[in-house]
Amino acid sequence: MKWEYVGYGLLAMIGLIIVGLVLIFLVIHIIKWTIKKIAGDAINKVVGIGSGLANKVVDRALDVGEKGVVTGATAVSKMVGDELTKNDPKKMGAEITKIAQKYNGEITISHVISELGLTNDQAQRHLWNLTSQKVCHTEIKNKQKVYVFPGFKEKRKIKVCEYCETTFELEDVRNECPSCGGTLKIITQTVD
Ligand SMILES: [Zn+2]
């Protein structure tokens with residue numbers, strides 16, 4: 001065997017290895033691209049969020065996925081799950097109600113966005129839902145839109161005149177209105 005044959009043989013082997021590596025590289029990228037496309041489309045279909053967000057979610061999951069397919073798959077399903085929850089009116093309605101309770105029945109959209117990690121649109125949609133179900137109503141306080149949940153407002157008892165609606169402290173011993181003579185009755189009032 002002449003040396004030049006050995007040389008060609010080596011060259012051919014190196015060439016094959018390079019071609020092989022390129023093929024493997026291509027296959028990995030085609031698989032990645034396909035997963036990204038399928039997952040992105042699936043998320044868009046189910047959740048109806050913008051494709052930009054869906055791609056970002058999948059990209060993040062794929063970075064993780066390169067370290068382990070299982071971890072990646074878990075991350076994808078968790079993120080899809082989180083995104084589904086954030087769009088679920090029932091679950092988010094319950095979460096927002098809990099926040100309202102924590103803040104004694106008065107919250108702004110910022111509370112909802114920061115505590116639940118929602119987008120402005122999502123928070124707006126869920127608050128609108130609760131408003132239309134009469135769980136809460138809106139008021140303007142200090143030039144700010146406040147969502148008031150009357151169920152969680154602090155309550156106290158007072159006396160009120162049945163006729164002219166003047167109010168008195170519960171401790172007031174009078175049973176007759178000093179200005180109009182109407183009867184005073186005891187009512188429960190929410191504290192502002
Ligand atoms: Zn009166």
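**Entry 1: ground rules and overview**

I call a residue buried if 20 or more other C-beta atoms lie within 10 Å of its own, exposed if 12 or fewer, and partly exposed in between, with C-beta atoms placed from the backbone. By that count, 12% of the 192 residues of the protein chain are buried. I keep in mind that this is a predicted model, where local features need pLDDT of at least 70 and side-chain atom pairs count only at pLDDT 80 or more, while totals for chains, interfaces and linings use all residues. My residue numbers start from 1 along each chain as its sequence is written.

For secondary structure I use DSSP runs numbered from the N terminus: helices are H or I with at least four residues, strands are E with at least two. I find six helices and six strands in the protein chain. Along the sequence they follow the pattern α-α-α-α-β-α-α-β-β-β-β-β.

I then looked at contacts, meaning two residues whose C-beta atoms, placed from the backbone, lie within 7 Å. Among contacts with a separation of 6 or more, 43% come from residues 24 or more positions apart.

**Entry 2: helix H4**

H4 takes in residues 89-102, 14 residues in all, and reaches 20 Å from its first C-alpha to its last. That is close to the expected 20 Å, the expected span being 1.5 Å times one less than the number of residues.

Which residues of H4 are buried? I noted Met-92, Ile-96 and Ala-100. They sit on the same side of H4 because they cover an arc of only 85° around the axis, the arc being that of the directions from the helix axis to the C-beta atoms. An α-helix has 3.6 residues a turn, so residues three or four places apart point the same way. On the face turned away from the buried side of H4, I found Lys-90, Ala-94, Lys-98 and Lys-102 exposed.

After H4 comes Asn-104, with a positive phi near 55°.

**Entry 3: helix H6**

H6 (120-132) has 13 residues and reaches 18 Å from first C-alpha to last, close to the 18 Å expected. Its buried residues are Ala-123, His-126, Leu-127 and Leu-130. These four also share one side of the helix, since their arc around the axis is only 100°. Asp-121, Trp-128 and Ser-132 are exposed on the other side of H6.

What covers the buried residues of H6? I found that the cover includes H4, helix H5 (109-116) and S3.

**Entry 4: the three-stranded sheet**

Next I followed an open sheet of three strands, in the order S1-S3-S2 with antiparallel pairing. I count two strands as paired if DSSP finds at least two bridges between them. The edge strands are S1 (106-107) and S2, each pairing on one side only.

S1 and S3 run antiparallel and are joined by two bridges. Glu-106 has Val-148 of S3 as its bridge partner, and Ile-107 has Tyr-147. S2 and S3 are also antiparallel, over five bridges. There I saw His-137 opposite Val-148 in S3, so to my eye Val-148 is a handy landmark. (I strike that last remark about a landmark: the bridges are what I looked up.)

S2 and S3 form a hairpin with two residues between them, and Asn-142 in the turn has a positive phi of about 50°.

**Entry 5: two lysines with positive phi**

Most residues other than glycine have a negative phi, and most peptide bonds are trans. I therefore checked two exceptions.

Lys-134 is not a glycine, yet its phi is positive at about 65°. This lysine is found in the loop between H6 and strand S2 (137-141). Is Lys-134 buried or exposed? Lys-134 is exposed, with 8 other C-beta atoms within 10 Å.

Lys-143, also not a glycine, has a positive phi of about 60°. Lys-143 lies in the loop between S2 and strand S3 (144-148). With 5 C-beta neighbours inside 10 Å, Lys-143 counts as exposed.

**Entry 6: the nonpolar core**

I define a nonpolar core as a set of buried Ala, Val, Leu, Ile, Met, Phe, Trp, Tyr and Cys residues joined through C-beta atoms within 7 Å. The largest one has 13 residues, of which Ile-96, Ala-100, Val-112, Leu-127, Cys-136, Tyr-147 and Phe-149 touch the most other members. H4 and H6 are the elements that give two or more residues to this core.

I finished with Ala-100. Leaving out residues up to four places away in sequence, Ala-100 touches Gly-105, Ile-107, Cys-136, Phe-149 and Phe-152.
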